[in-house]
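Student: I would like to go through this model question by question, with the reasoning for each answer. Where do we start?

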Amino acid sequence: MEPLLPIDGAWVCRLDRPTEIGVVVAAGSDGENARIEVDFGPLGRHFLARGEWGCGLQVGHCVQDVPFSGVRETLGSGTVLQVRELATRFQALVQFHSTGQSLWLPFERLRRIMAPALLFRRGGPVAERAAERLSLNLIGHALSKWNEATGALDRLDVDPLPHQISLVHRIISSGHCNWLIADDVGLGKTIEIGLLFAALERRQNIRRILLVVPSGLTRQWKEEMLYKFDRRFLIYGADFRVSDHKEWGIYEKVIVSLDLAKPRNADDDGSNDSTSFGMLLAAGNWDVVVFDEAHRLSRDDRGRSTLRFKLAQALRQKTDALLLLSGTPHQGDQAKFRNLLTLARPDLRRAIDLIEAEPDVVQEIVLRNRKIDVVDTEGKFLFKGVQVKRVEIEHDPQFASLERQLGEYLNRGYRAGDLLGGAEGRAIGFVMTIYRKMASSSVAALFIALKNRATRIDSALTASTIGAVPTPHDGDQDDDDDDHLESRPLETSRMPFFDNEAELLDRLTKQAAEVMRTDKKGDALVEMVRELVKAQNKKVLIFTEYRATQAYLLYRLERLLGKRPETINGSKNVDDKKAAIKAFESDNSVLISTEAGGEGLNLHRNCHVMINYDLPWNPSRISQRIGRLYRYGQKEQVIVFNFVARDTIDNEIMSILFGRLDIIVKDMASVGSEFNELYAAEVMGELLERIDISGLLEEARAGRVERTQERVDAALAQARRAKAMQDDVLSYAGGLDAGNWAALESYSTLDVATFVKRAAGFFGVSIEDGGADERFTMRLPSELKGHFPEFGGRTVIDATTNRAGWNADREVLIDFSTSFLKWLVTSVNAEDFGGGYAPIANGDGAYVDFFSAFLARFQNDQGQVQGERLLVIGRNKVGELNHDPHAVRRLLSRVGVDGRPGASSPEGRRRALDAARDRAELLMADELTRFKHPNDLVTLAVAEITPHSASSP
């Protein structure tokens, strides 16, 4: 058997006298003749031959791993938990301080070192500039642990906000990743997810991530992950496809469209891997699965599920970490809300079923931030609110005749559908409803839809029966193409729906053509755009439901502006939409969008004025429209103009509804001081989302509005009850608390710069000021040349830690994705750096005379590390021990000055440190849950605060 010699510094004992323990000072081997020289202290130095020595390590010793291979990095320092002899070899079970991992290692490769606790108890030895070394040791730990808990100091193209960092910190510290994130639209849920991924990758080394998002947002998610977080995702179905489930092994970060991934039908159980659903289930398990717009995962109290919900249920079985994202998770439907909660946390099913009686279960599942609450890093409110203004359009007398004729046509169509019955009858009724929607939008849209119908009747097609027509979907379809209903073949028949339909259509189209020449609503838009764009030099975003209306507005405004406005609609691909947005943000002042731009696109950078030319029958779309401007990064108060016309019965109902909403919101504002202008638009949007507008309009299909006011009031009353129910339930959700944020010590890129400037000199790296706090020039010693990939072969590096001011062509951005910063932190955290113990001179009026820093590490029930927390326990002048969360901040504020060691006895020092550790254990115990279990409590550093510096007389 080949001999294994202990390294210098290893501890050995005599096998015949195990109580005699010494440290190896030299070792040599000549084949089988292995000898070591051991310093036994008072017993002197002796040479031991092979077979005469054994392991001298004991439980509790602190050791340093020294790898046998020069190409392997050390595992770091750790604590000996157990010693064994196995197959003639002695091994020590070491729990490593940096990872919490416990490994059996040959004792011969372990060097005994002086742990901070032992250094403190003995009063030294103290390294040169020990106070500054201790400061840098704790600052390095604080920065790295903060980044691991939030991802905020990683490679980002954003500066995270308090609510985003706080949310990620809450998830990481909870010990699990099964949450419903219910932040308001526009608060940056993608940023929160990107930060979370960065934190999870640092802490748990996650690899396989699946994002399930609406089809229109797949590219946006991909680009935001790439450009903001430097993480490359691939879109299934666009960037790649899998024909054999074995191919999934090469795809680790995947985005898939919600509707591409869902089952084909209710009978699809995923066993057939020729379908996207089956192939996705064959991909195996995922470390994290994220569902965006999770309110689309619908399931009612009777257990009836949409295909989307079945997809979520199937993927729930494929991951231990499921994140649901939705700005509107409740929607006034308690049953659907309960099912979402159960999807996220099936282990809490019993408590969720009793949510009405015990709503506090929500705080264990839902995280929610509101626009009216969030602040920037200086504590200033981020959002300036939304001002909604009604623009009443004067009734056009010429429209009266068109409206009467349209009413006659619609009534006859509805009656024909009712008489026919069945699927064909419902199809006719659906077509009539489409024409009503067109009339509510614009005369131009109505004209095109009716003209298409008339042409179809007159066509020479031979079909003689009504065929399949589009019908209202079940909530499982994306509806970007709804903006082109007026031009779609709404039915396949050339046969009239009723007698004289062709004659009625002829009169209607002629009248519509006349009305377009004197369109008061179009005139009002032209005048408003003239004032906003030409007089006030503002950019204006205009929304309409239909492309026909969009084309009409394009014609009117191009004549006014002398320039073609930008457009977005369902016919444009992602690149076309991006080009339109880019032009709108630069040299074009007007963008006209259909609902295809109402979700997922960010238009807020240079615009804060929106015009809703028509009001959609689906009220949630109004909030989606406003969310394009009212989102993070908006510098102005958003102003929304709602055009309200009484030119049709449907528009009259909408006018009554919005009028009543104004009154209700004003009434609520007068109830208490907590209701302010910032909140008014939020309330209006939430009430609208809970009103069945389609139901109200369906009652008016006969062209009568006698009971409209009563119906509107009843609908609003129900909406207020639903909102109250949601507010009550979601009030238990966790969100940003200003007090908690202030108590949570956070760190910035400026702190990273401070750390680099103070630490680099200890390793021969000189720093020259670069003219700004976060900009500097580093000069590396020759032995570090080529050591850091981001520097290449350079030894003079212009560097910055400021993301916003980074010039990538001439500077290196220093963050936790760079090997240099990770090396620097590892170096100052190493035991041999000498930052474990220091007497520190009291130069800043410290209120403690002693403090000890601990790293509390947590694990799951199978030993996987789940997170860490830095705890600094200080003892004040009256002997009280308390956690001091701002200790590292004070160390950052000044360079450490060495003090003189105190006169306390070793026993007094031991008692002080034991008491501090007991206090840290109690704090650690407060954080334990069913997901978080203790892993280790590592003593990082101990300091005593003295009244004088080491150089004082």
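Tutor: The model is a predicted one. Start with the charged side chains.

Student: How does the accessibility of Arg-803 class it, as buried or exposed?

Tutor: The side chain of Arg-803 forms a salt bridge with Asp-159, with N and O 3.2 Å apart. Arg-803 lies in the loop between β26 and β27, while Asp-159 lies in the loop between α2 and α3, 644 residues apart in the chain. The partner Asp-159 has 42% relative accessibility and is partly exposed. Arg-803 has 11%, and the cut-off for burial is under 20%, so Arg-803 is buried.

Student: Which residue forms a salt bridge with Arg-345?

Tutor: Arg-345 is buried at 2% relative accessibility. Its partner is partly exposed, at 41%. The closest N and O atoms of the pair are 2.9 Å apart, and the partner is Asp-347.

Student: How far apart are the closest N and O atoms of Arg-779 and Glu-768?

Tutor: Arg-779 belongs to strand β25 and Glu-768 to strand β24, 11 residues apart. Arg-779 is partly exposed at 36% relative accessibility, and Glu-768 is partly exposed at 35%. Their salt bridge has its closest N and O atoms at 2.6 Å.

Student: How many salt bridges does the model have by this rule?

Tutor: The rule asks for a side-chain nitrogen of Lys or Arg within 4 Å of a carboxyl oxygen of Asp or Glu. The pair Arg-803 and Asp-159, at 3.2 Å, is one that meets it. By this rule the count is 48.

Student: Now the strands. Which residues of β21 are buried on the side opposite Val-590 and Ile-592?

Tutor: Strand β21 covers residues 590-593, and both of its faces are covered. Val-590 and Ile-592 are buried on one side. On the other side the buried residues are Leu-591 and Ser-593.

Student: Which residue of β20 is the bridge partner of Ser-593?

Tutor: β21 runs parallel to strand β19, joined to it by 4 bridges, and there Phe-543 stands opposite Ser-593. Strand β20 (residues 566-568) also pairs with β21 in the parallel sense, over 3 bridges. In that pairing, the partner of Ser-593 is Ile-568.

Student: What is the relative accessibility of Ser-593?

Tutor: Ser-593 lies in strand β21. Leaving aside residues up to four places away in sequence, Ser-593 touches Leu-541, Ile-542, Phe-543, Thr-544, Gln-550 and Ile-568. Ser-593 counts as buried, with a relative accessibility of 0%.

Student: Which handedness does the β-α-β unit of β20, α17 and β21 have?

Tutor: The two strands of the unit, β20 and β21, are parallel. Helix α17 (residues 574-586) is the helix of this unit. The unit is right-handed.

Student: How far apart are the end C-alpha atoms of helix α11?

Tutor: Helix α11 has 24 residues (397-420). At 1.5 Å a residue, the expected span is 34 Å. The computed distance agrees with that, at 35 Å.

Student: Which helices are among those that cover the buried residues of α11?

Tutor: The buried residues of α11 include Phe-399, Leu-402, Leu-406, Tyr-409 and Leu-410. An α-helix has 3.6 residues a turn, so residues three or four places apart point the same way. After the helix comes Gly-421, with a positive phi near 70°. The cover over the buried residues includes α12, α13 and α14.

Student: How many residues of α2 are buried?

Tutor: α2 has 21 residues and reaches 30 Å between its first and last C-alpha atoms, close to the 30 Å expected. Just after α2, Gly-151 takes a positive phi of about 70°. The number of buried residues in α2 is 21 of 21.

Student: Which strands stand at the edges of the sheet with the order β28-β32-β29-β30-β31?

Tutor: This is an open sheet of 5 strands with mixed pairing. The twist averages 30° from one strand to the next. An edge strand has a single partner, so one side of it is left without a neighbour in the sheet. The edge strands are β28 and β31.

Student: Which residue of β32 is the bridge partner of Ala-856?

Tutor: Strands β29 (residues 848-859) and β32 (residues 933-946) pair in the antiparallel sense. Their pairing runs over 10 bridges. The partner of Ala-856 in β32 is Leu-937.

Key:
Residues are numbered from 1 along each chain as its sequence is written. This is a predicted model: local features need pLDDT of at least 70, side-chain atom pairs count only at pLDDT 80 or more; totals for chains, interfaces and linings use all residues. Side-chain values use heavy atoms; hydrogens and water are left out. Buried means under 20% relative accessible area, exposed over 50%, partly exposed in between (1.4 Å probe, protein chains only). Two strands pair if DSSP finds at least two bridges between them. A crossover is right-handed if, with the strands pointing away from the viewer, the path from the first strand over the helix to the second runs clockwise. Contact means heavy atoms within 4.5 Å. The expected span of a helix is 1.5 Å times one less than its number of residues. Axes are lines fitted to C-alpha atoms, for helices over the stretch in contact, and angles run from 0 to 180 degrees between N-to-C directions.
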